[in-house]
Amino acid sequence: MHHDTDPKMSRRRAAAALGAFAAAPLLRPSAAYAADDIVVGATVPITGTFAATGLQYHNSLRLAQDDINAAGGIKGRKLRIVFEDTGGNNSTAVNAFVKLVKQVNPPFVFLSGLSTQALAMEPEVLKAKIPVVTAGGAVAIQERKNPWLFRARPADTLGAGAITYGVIDLLKKSKPGLLYAQDDYGTGAANAVEAMLAKSGVSVVAKEAFNPRDNDFSAQLLSLKNKGADVIVSFNYNRDGALILKQRKSLGLTMPVVAGTGMVAPSTLDLVDPDDLIGVYSTADTMLGEAVSPASADFVRRYVLANKARPDTFGTAYYDAALILAEGLRKVGPDAEKLRAYFAGVKDFKGMARNYTTDPATNNMAHSVVLVSFKPGSKDLVAAAVYPKA
Amino acid sequence: MKATSLLGAAILGAALVAALAVPYVVSDYNLRVTVLALQSAIAVIGLTIAFGWCGLIQLGQAAFIGIGAYTSAILALRFGLGFWVTMPLAMAASALVAFVIAVPMLRLRGHYLALATVGFNVTAEIVAKNWTAVTGGYDGISAIPPVTLFGRVIETDLGYFHLSLVFLIAVAAFAWTLRHSRFGRAMIAVRDDEIASGTSSVPVVRTKVLAFVIGSALAGLSGALYAHYAHYVSPGDFELSRSITLLVMLIAGGEMAIAGAILGAVLLSFAPEWLRFVGEAYLVVFGVGVLLLLILMPEGVVGRLRKWFAPRAGKVGRA
Amino acid sequence: MTQLIQLIVNAIAVGAIYAVVALSFEIAYESTGVVNFATGQLVTIGALLGASTLAYSGVHFGGSALATQAASYAMVFGGMAIVGLLFFVGVFMPLRKQPALTVIIGTVAIGIAIQNLAQLTWGSLPIATQSPVGTRTLDFFGAVVSVHALYVIVVAAVLIAAVYVLLYRSALGAQFRALAQDPEAARLMGIRVNRLYALTWVLVCALAGAAGLLLGPMWFIDVGLGEGIGLKAFAAAIIGGFGSVPGAIVGGVLVGLAEILGASYISSAYKDAIVFALMFLFLLVRPQGLFGERVADRA
């Protein structure tokens, strides 16, 4: 045997090290926050395919935490948000939520804004009996009828209605082609729009799906063109949305696009040029900033200062949810059931994105969307219509 | 000989006692991690058989876990079958798919075989994500029913801990018997020198196919257990990165030993918890850590322990 | 018909990039015996370095857009050369006597580390970069073709030709090939083996980085860019045949065509599966690919 040290010693040392390594994580992890802090959870995609979207609410929740604590916290106690990474796939997301519940035991969790992840986590939410808020728009979320699950953004059905209005009444088109991400969000939204168009007597001429990680959409775009689509309805995320617009332009397609909210996210718009936006319309949750209130404009300004990027409506929905949570904590304390009742009874809460009122039938808290287009030659949003019409 | 087997039995006994004590000393979340580790260990033992003993480079083990998980879930939800029926069917499904691709694929060696298994894994992922009617697409399958035993529904982490432990012990015993059988010797012979064993009486192709099929069936079992424990499966369970993690578990623990598979599975399952303090740099540390492991201790923990404690106990090193 | 032309031009552009990446992968294997599963991440780094240096080189080379691009390319190649040397020292040398699977897992592990280091450095938001030849499109028999696609094809062709000349028409190339054939004999012949290995890894990373630079303007750069590319490049290497420069070209273009035409005419959802099915078929029927040497198992 040729070891540098006495073989018996190195064996024992190794065994001891192994033992210590094995034992350490099994014991309860030490808290990273003060004893009387109020700790809540947040499951956010920090790595993986949807990291860019997750970043928006990772940022806005941290800003919310700072703002709430700067304003005195919850009756003197500080609010602490513990983040868990949901990664890019549903199984990791479910695990992240379960981990939060078991390790932190929070009275409230901000759930991932990706509908596909939120839906995967929903059964665990029911089991855990804690109120959660998501910004996911998929129709399926309210269909679960989970009393603990609240939605802080408009459901995609509203967006579908706005898009239907845009296609038929605004653009006067009759042969829409659907292009959508092949997951809960895209498939659900596409089906909702198809049904709503049909109710108004318009049939979809083509439906093409894609993988959000795809790079080339020429097959789908050309197929829509070949089947005679006179308008493209698109449900996408940021990178794919930008690629779709660029490739639409380089393929020389001229029919307009009416898209879901992913198209107006800052991370999407940062990737395109103004001439990629010609003939492009989109739903947006709301026009952030001055259009809502001076407080909203101030929020936008502070967000940009803190994160060197503009906020989007996803992130802002979570910021507002945090404000509502803080109010709830002040009124009823860190009790899961009481917080649930509080969220169920929210009425006319003034947030940075809009006013919130909970609809008891669906637990949705936001009830309007805006149809926008772009000022020619720029990336500035111009409101074309509010839906539903007041 | 007698002394070592007595010692071996003593170690096993101690390990069993320690294992049974685990749920009472760990926190809630770590118990869940332990259950998942035990289930992964079953799949890693499959790799011990296929790669450690028979030398087949298998970078697609996660695909077979997924086949087992989805099969069990779909049969349970569509036909209302209980776990004790769906689980063997899940294993059979994994074994069948493995058999179909093994015969043509196992003629390849080295990096060609590696790439073929990668291709298979990636294709399986694509099918899982797009065959929405059957697999639920990107959104997967949820509300998978729990396991029922003697009329009682297993609901708690503790219950699944015991269930998974029992299965793991059974699988470990099976693997041990396999290793000490004629088939086990045939596998080692094929791995060490395929050409020479071909000219002797070892049926090379049959040995390789059987090792591959058994390894895949064990992955299917692991998948079925997971599906009914987590109540949810998604294409994320199939991913290539999962196959890589399983191989790292195998190598970290020691690719030749069943104990190595179990140890590796436990170590790697808890790695994210240990490395919590590095925050968002976790995967960087993990990647570099694995590289260091391969450089400094390629024979794995158990391999290294064997070298120290039983340096003359049979040549188990790699060619 | 015009659509077919559009699709084919795109497919050849994408295929050209796959060919460059396949070449990187093949050179690593042929010359050093390493099956480099970090190839995709190296492509990503090249693209990200390109995005960053484009931003900075504008400061130093103000005036001419061409000079800016050239400076950016030079900096990226410099960066990739450093990455190559780090790879040589950190991954290749320590693992070079290990069996195949250990090396594979080693490259996968370093790939994971690289990808996440990239995320920590560059963040998770996708980055848009400008092509050196702008965003103009040409009319090609009625089909709309982007100038960048043509630029990609030309640059890739030049790169591959340069590699071919290096490997088969230069003294250094002869040494590379001697090393690939038989490292021991090469050492006995007086070839400075370790220096050659280091150079090989520089070349491998430079090629991967170049592919990343070409891809960036097409697809927006984020840390996940290279993942899928790596796998397709492996398929291209198998189909074209290892150890063959023409093989890399044909393999790359075939994979590009299979992917893009397959998406259009067969199924856009399963287009990647079509590529891997093709790879699988080759592995079963003709593992040496179209142009490769007979498959001899490497120890």
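Burial, sheets and contacts

Me: What percentage of the 319 residues in chain B is buried?

Reply: This is a predicted model, in which local features need pLDDT of at least 70, side-chain atom pairs count only at pLDDT 80 or more, and totals for chains, interfaces and linings use all residues. Residues are numbered from 1 along each chain as its sequence is written, while chains are lettered from A and ligands numbered from 1 in the order in which they are written. A residue is called buried if 20 or more other C-beta atoms, placed from the backbone, lie within 10 Å of its own, exposed if 12 or fewer do, and partly exposed in between. By that criterion, the buried share of the 319 residues in chain B is 57%.

Me: What is the radius of gyration of chain B?

Reply: Chain B holds 14 helices and four strands, these being DSSP runs numbered from the N terminus (H or I over at least four residues for helices, E over at least two for strands). For 319 residues the globule rule gives 20 Å, the rule being 2.2 Å times the number of residues to the power 0.38, with the radius taken over C-alpha atoms. The value for chain B is close to that figure, so the chain is as compact as a globular protein of that length, with a radius of gyration of 19 Å.

Me: What share of the contacts in chain B with a separation of 6 or more joins residues 24 or more positions apart?

Reply: Two residues are in contact if their C-beta atoms, placed from the backbone, lie within 7 Å. The C-alpha atoms of chain B fill a box of roughly 50 × 45 × 45 Å along the principal axes. Among the contacts of this chain with a separation of 6 or more, the part due to residues 24 or more positions apart is 78%.

Me: Which helix of chain A gives the most to the side of domain 1 that touches domain 2?

Reply: Chain A is divided into domain 1 (38-154 + 292-358) and domain 2 (156-284 + 370-387), with bounds from an automatic or database domain assignment. The contact joins 15 residues of domain 1 to 18 residues of domain 2. On the side of domain 1, the elements that give two or more residues are helix 2 (51-70), helix 4 (115-128) and helix 5 (139-143) of chain A. With three residues, the element that gives the most is helix 4 of chain A.

Me: Which strands of chain A stand at the edges of the sheet with the order 2-1-3-4-5?

Reply: This open sheet of five strands has parallel pairing, where two strands pair if DSSP finds at least two bridges between them. Each edge strand has a single partner strand, so one side of each is left without a neighbour in the sheet; the two are strand 2 (79-85) and strand 5 (149-151).

Me: At what angle, on average, are neighbouring strands turned in the sheet with the order 7-6-8-9-10-13-14 of chain A?

Reply: This open sheet of seven strands has mixed pairing. Strand 7 and strand 14 (381-387) each have a single partner strand at the edges, so one side of each lacks a neighbour in the sheet. Axes are lines fitted to C-alpha atoms, for helices over the stretch in contact, and angles run from 0 to 180 degrees between N-to-C directions. With direction ignored, the average turn between neighbouring strands of this sheet is 20°.

Me: Which residue in the turn between strand 13 and strand 14 of chain A has a positive phi?

Reply: Six bridges join these two strands, which run antiparallel, and Val370(A) stands opposite Val386(A) in strand 14. The strands form a hairpin with six residues between them, and the residue in the turn with a positive phi of about 80° is Gly377(A).

Me: How many of the nine residues of helix 8 of chain A are buried?

Reply: Covering the buried residues of helix 8 (218-226) are, among others, strand 6 (176-181) and strand 7 (206-210) of chain A together with helix 1 (2-32) and helix 10 (245-265) of chain C. The buried residues include Leu221(A), Leu222(A) and Lys225(A). The helix is mostly covered, and the number of its nine residues that are buried is eight.

Me: Which helix of chain A gives the most to the side that touches chain C?

Reply: The contact takes 26 residues from chain A and 22 residues from chain C. On the side of chain A, helix 2, strand 7, helix 8 and helix 9 are the elements that give two or more residues. With five residues, the element that gives the most is helix 9 of chain A.
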